[in-house]
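Visitor: I am new here and would like to be shown around. Could you take me through the reasoning behind each label as we go?

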Amino acid sequence: MSTIETAIPLVQGLLGFIMLAAGSAKLLGIDLVVEDFNRYGYPGWFRFVTGVIEVCGGLGLLVGLVFAPILTVFGGLLTVATMAGAILTHLFRVDDPLWRFVGPSVYLTIGLFVTGFHLLSF
């Protein structure tokens, strides 16, 4: 087993848990998240939709580790789309400092990497 074949499941699992936690925070209405969505100028329902997408993406990444690898592709694509939206929000909706782009950029890159790896293995 190569190093990349060992690293992918670890990175995939970590990203899955991160997405699950981020989505859960949105669905639970954690004050910091609500304040951020208000600052971005998004309506309350959009926070809920984003939370559902992130939870589904995280679950797809986690369940794909054990049962159906195609769920990894589904979860990875949801993660990539959500992180692209987050980056665009920080760029165009608010005047955020550069450090606010780091998390979404890293998660987008990891999501692309994991998704691409699994797509190539089909």
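**A guided look, starting at Gly-60**

Guide: Welcome! Leaving aside neighbours within four places in sequence, Gly-60 is in contact with Leu-71, Thr-72 and Gly-75. Please keep in mind that this is a predicted model.

Visitor: Why does Gly-60 count as buried?

Guide: Gly-60 has 5% relative accessibility. Buried means under 20% relative accessible area, so Gly-60 at 5% earns the label. Gly-60 lies in helix α3. The C-alpha atoms of Gly-60 and Gly-16 are 7.6 Å from each other, although 44 residues separate the two along the chain.

Visitor: How confident is the predictor in the protein chain, by its average pLDDT?

Guide: The protein chain averages a pLDDT of 95, and 100% of the residues score at least 70. The highest confidence is in α3, with a mean of 97, and the lowest is in α5, with a mean of 95.

Visitor: How do you know that the span of α1 agrees with what it should be?

Guide: α1 has 26 residues, so at 1.5 Å a residue α1 should span 38 Å. The end C-alpha atoms of α1 are 38 Å apart, and therefore the two values agree.

Visitor: And what makes the span of α4 agree?

Guide: The reasoning is alike. With 25 residues at 1.5 Å a residue, α4 should span 36 Å; its end C-alpha atoms are 35 Å apart, which agrees.

Visitor: Which residues of α1 are buried, and what covers them?

Guide: In α1, the buried residues are Ile-8, Gln-12, Gly-13, Leu-15, Gly-16, Met-19, Gly-23, Ala-25 and Lys-26. Their cover includes α2, α3, α4 and α5. Just after α1 comes Gly-29, with a positive phi of about 75°.

Visitor: What about the buried residues of α4?

Guide: Among them are Thr-72, Val-73, Gly-75, Gly-76, Thr-79 and Val-80. Thr-82, Met-83, Ile-87, Thr-89 and His-90 are buried in α4 too. What covers the buried residues of α4 includes α1, α2, α3 and α5.

Visitor: Why is Thr-82 called buried?

Guide: The relative accessible area of Thr-82 is 12%. The cut-off is under 20%, so Thr-82 at 12% is buried. Thr-82 is found in helix α4, and beyond its neighbours within four places in sequence, Thr-82 is in contact with Thr-50, Ile-53 and Glu-54.

Visitor: How do you know whether Ile-87 is buried or exposed?

Guide: Ile-87 has a relative accessible area of 17%. Set against the limit of under 20% for buried, that value makes Ile-87 buried. Ile-87 belongs to helix α4. Not counting residues up to four places away in sequence, Ile-87 touches Phe-101, Pro-104, Ser-105 and Leu-108.

Visitor: What makes Ile-30 partly exposed?

Guide: Here the relative accessible area is 41% for Ile-30. Buried needs under 20% and exposed needs over 50%, with partly exposed in between; therefore Ile-30 at 41% is partly exposed. Ile-30 lies in the loop between α1 and α2. From C-alpha to C-alpha, Ile-30 is 28 Å from Leu-10, with their positions 20 residues apart in sequence. Ile-87 and Ile-30 are 21 Å apart in space, C-alpha to C-alpha, and 57 residues apart in sequence.

Visitor: Which residues make up the largest nonpolar core?

Guide: Nine residues make up this core: Leu-15, Met-19, Leu-61, Val-80, Met-83, Ile-87, Phe-101, Leu-108 and Val-114. At least two residues of this core come from each of α1, α4 and α5. A second, separate core has six residues, including Ala-25, Val-33, Tyr-40 and Tyr-42.

Visitor: What does Leu-15 touch?

Guide: Setting aside residues up to four places away in sequence, Leu-15 touches Leu-61, Thr-79, Tyr-107, Ile-110 and Gly-111.

Visitor: How much space lies in the largest pocket, and which residues lie nearest its centre?

Guide: The largest pocket holds about 700 Å³ of space. Its lining has 28 residues, of which Lys-26, Tyr-40, Glu-54, Ala-86 and His-90 lie nearest the centre. The elements that give two or more residues to this lining are α1, α2, α3, α4 and α5. The largest share, eight residues, comes from α4.

Technical notes. Residues are numbered from 1 along each chain as its sequence is written. This is a predicted model: local features need pLDDT of at least 70, side-chain atom pairs count only at pLDDT 80 or more; totals for chains, interfaces and linings use all residues. Side-chain values use heavy atoms; hydrogens and water are left out. A nonpolar core is a set of buried Ala, Val, Leu, Ile, Met, Phe, Trp, Tyr and Cys residues joined through side-chain atoms within 4.5 Å. Buried means under 20% relative accessible area, exposed over 50%, partly exposed in between (1.4 Å probe, protein chains only). Helices (H or I, at least four residues) and strands (E, at least two) are DSSP runs, numbered from the N terminus. Contact means heavy atoms within 4.5 Å. The expected span of a helix is 1.5 Å times one less than its number of residues. pLDDT is the predictor's confidence in each residue, from 0 to 100. On a 1 Å grid over the protein atoms alone, a cavity is a set of points where a 1.4 Å probe fits but cannot get out, and a pocket is an open set with protein on both sides within 12 Å along at least five of seven lines; lining residues have an atom within 4 Å of a point. Grid points are joined across faces, edges and corners, and a volume is the space filled by probe spheres set on the points.
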